[in-house]
There are 2 protein chains.
Amino acid sequence: MAGMKSSSLSAMHENKVISFEAIRIACRNCNLSTLCLPLGLTPEDVERLDTIVRRSRPLHRGDYLFHSGDRFRSLFVVKTGSVKTFAPSPEGGEQVLGFHLPGEIIGLDAIEHDAHSCSAKVLETTAICEVPFSRFEELSVTIPSLQHQMYRLLSKEIAQETEMLLLLGKKSAEDRLATFLLSLSHRLQKRGLSPTDFYLSMSRHEIGNYLGLAVETVSRLFTRFHEERLLVVDRKHVRLTDLDALEAMVQATPLEDCRRRLP
Amino acid sequence: MAGMKSSSLSAMHENKVISFEAIRIACRNCNLSTLCLPLGLTPEDVERLDTIVRRSRPLHRGDYLFHSGDRFRSLFVVKTGSVKTFAPSPEGGEQVLGFHLPGEIIGLDAIEHDAHSCSAKVLETTAICEVPFSRFEELSVTIPSLQHQMYRLLSKEIAQETEMLLLLGKKSAEDRLATFLLSLSHRLQKRGLSPTDFYLSMSRHEIGNYLGLAVETVSRLFTRFHEERLLVVDRKHVRLTDLDALEAMVQATPLEDCRRRLP
DNA sequence: CCCTTTGCTTGATCCTAATCAACTTAAATT
DNA sequence: AATTTAAGTTGATTAGGATCAAGCAAAGGG
């Protein structure tokens, strides 16, 4: 009822004024602009981008952004909250593909097939910016720096998945969880949040699934890390008390091939 | 010294006329155009793209396209032959990230950091098209369909790596090798080659490294697949004698979570 | 051609993390 | 508050694949 541009979707729950207003910030005022599509654009071009962005009211835990198989129409950017993407298998199982924090773009894998090959599910109350892709492409043809940024973001996604391949291909369970926690830490820090003190919006089951480990293993590792004074964990809340040790654990990848040239 | 456009690099070994001429085919005559950057472009635009493509003389086994850490200047497209990319680790080990066949683009992960995060090494005599990226970007600003195709190719790379994550995250050694062989089979078929009869340009060690398995495991699996009449293998030569059985093996992913709603 | 090197295969043993099972705690529903 | 359900932890056992060890075959080099 407030603004005249009440966006595409119907606006109920208008009693949640505070959070709803908070998410309707335009790109130009958004603190994520250094991570997101507007990076490198002139203020004028940011305005043009802004006109095609759709901002819905907040989604809640369990809501879907899209399902595997859906026609690809838009990219989705997390504004606040978090989202998991996963590949559902016919038998009801799933493979978690990623957890997405504010500023991260979801749906980049769908451009080629014009259909989503994974599903995206909201982990907590979350605000999303929707970017209709056909309109985006029209725009990026006329804004070279937007095209450049899009190439960079796509490339970044590839580089990140490569990191993940490295992790799953070679490393131990311990390394995997350490890397996961450090990844969260770094990403939260970039967003101006505490790199040592945060809540996990995903379950142990989802962490394990993501890292290719059983729930039990994840649980045991949390216990062990706790015992080793690397962190304090209580339910979903984690406090990393020895970032250096975690980093060292990951660095010290005792990769093979160190004995090949002996006798 | 036949042609007048003797390309950027010096042209020695002109006695290798046949193969050298073969690789100097322009984009418009290249049979890979349905897989590569020219897809969807007008003949006129293909010509424009062609002017920025550099075609060197053939590279040989062990040659590098680039090293990890090199400044990013160009994308590389395999024209004939094959290339492996890998992340070298300080201790001398490496993680193989991919094997690249004709029409596949290498270097997409480097756009963001403006530096290569992996190395690319030629597995057999190989012809490469080099696409200077800054010139490519200039061009793709003026050719919407080229921008579109680049988005698609980047997206495809992301989707492929996602597939790989799924493989490494959940599947057994058997599944991994079967998936690997089928992937090769499909990709060769798309290129007009036999999907059942081919040579592996990479070693067992490299296959194992890529799939997150020990060499010994790969060797044992080849033996087992042979015993099960799924393939005939002799050294580097493979003939897949039961594609359906291999497909079935991969499909029948007995993913967990089938017992959760019982007692 | 012999000799070394490199790549591959096969067998034996070990170890990490999965699986199975039981129990605890927290959250949701009544 | 009582009951149910879901999530997490801990222990015991097992299995799949890594590692260790040895031998063989092909390729390369003098």
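Visitor: Buried or exposed: which word fits A:Phe99 and A:Phe180?
Guide: Both of them are buried. The word means under 20% relative accessible area, while exposed means over 50% and partly exposed covers what lies in between (1.4 Å probe, protein chains only).

Visitor: And what am I looking at, before we go on?
Guide: A predicted model, where local features need pLDDT of at least 70, side-chain atom pairs count only at pLDDT 80 or more, and totals for chains, interfaces and linings use all residues. Residues are numbered from 1 along each chain as its sequence is written, chains are lettered from A and ligands numbered from 1 in the order in which they are written, and side-chain values use heavy atoms, without hydrogens and water.

Visitor: How many aromatic pairs are there over all chains?
Guide: The count is 19. Rings of Phe, Tyr and Trp (its six-membered ring) pair if their centres lie within 6.5 Å; planes under 30 degrees apart count as stacked, over 60 as edge-to-face and the rest as tilted.

Visitor: What makes A:Phe99 and A:Phe180 an edge-to-face pair?
Guide: Their centres are 6.0 Å apart and their planes are at 65 degrees, so they pass the within 6.5 Å and over 60 degrees tests.

Visitor: Why say that this pair ties parts together?
Guide: Because A:Phe99 is in strand E5 (residues 94-100) and A:Phe180 in helix H5 (residues 173-190) of chain A, 81 residues apart in sequence. Helices (H or I, at least four residues) and strands (E, at least two) are DSSP runs, numbered from the N terminus.

Visitor: Why is the pair of B:Phe99 and B:Tyr210 called edge-to-face?
Guide: Their ring centres are 5.1 Å apart and the planes stand at 65 degrees, so the label applies. B:Phe99 sits in strand E5 (residues 94-100) and B:Tyr210 in helix H6 of chain B, so this pair connects parts 111 residues apart in sequence. Both B:Phe99 and B:Tyr210 are buried.

Visitor: Why is A:Gln95 called buried?
Guide: Its relative accessible area is 2%, so A:Gln95 earns the word. A:Gln95 is in strand E5 of chain A, and its contacts (heavy atoms within 4.5 Å), leaving aside neighbours within four places in sequence, include A:Tyr210, B:Leu166 and B:Lys170.

Visitor: Why does B:Asp114 count as partly exposed?
Guide: The value is 36% relative accessibility, so B:Asp114 falls in between the cut-offs. B:Asp114 lies in the loop between strand E6 (105-106) and strand E7 (119-122) of chain B, with a positive phi near 60 degrees in a residue other than glycine.

Visitor: Then what makes B:Arg229 exposed?
Guide: B:Arg229 has 63% relative accessibility, so it is over the limit for exposed. B:Arg229 is in the loop between H7 and strand E10 (231-234) of chain B.

Visitor: How do you know how chains A and B are related?
Guide: A rotation of 180 degrees with 0.0 Å of shift along its axis superposes chain B on chain A, with RMSD 0.0 Å. The copies are therefore related as by a two-fold rotation axis. The fit is by least squares on the C-alpha atoms of residues with pLDDT of at least 70 in both.

Visitor: Why say the copies meet through the same surface?
Guide: Because 98% of the interface residues of chain B are also interface residues in chain A.

Visitor: What surrounds DNA strand C?
Guide: There are 18 residues around it, with A:Ala173 and B:Ser219 among the closest; a residue is near if one of its heavy atoms lies within 4 Å. By class they are 3 nonpolar, 7 polar and 8 charged. Here Ala, Val, Leu, Ile, Met, Phe, Trp, Tyr, Cys and Pro are nonpolar, Asp, Glu, Lys and Arg charged, and the others, Gly among them, polar.

Visitor: What makes B:Ser219 a polar contact of DNA strand C?
Guide: An N or O atom in the B:Ser219 side chain is 2.9 Å from a phosphate oxygen of DNA strand C. A polar contact is a pair of N or O atoms within 3.5 Å (within protein, one must be able to donate a hydrogen and the other to accept it, and residues adjacent in sequence count only if both atoms are side-chain atoms), so the pair qualifies.

Visitor: Which atoms of the DNA strands does A:Arg220 approach?
Guide: Its side-chain N or O atoms include one 3.0 Å from a base oxygen of DNA strand C and one 2.8 Å from a base nitrogen of DNA strand D.
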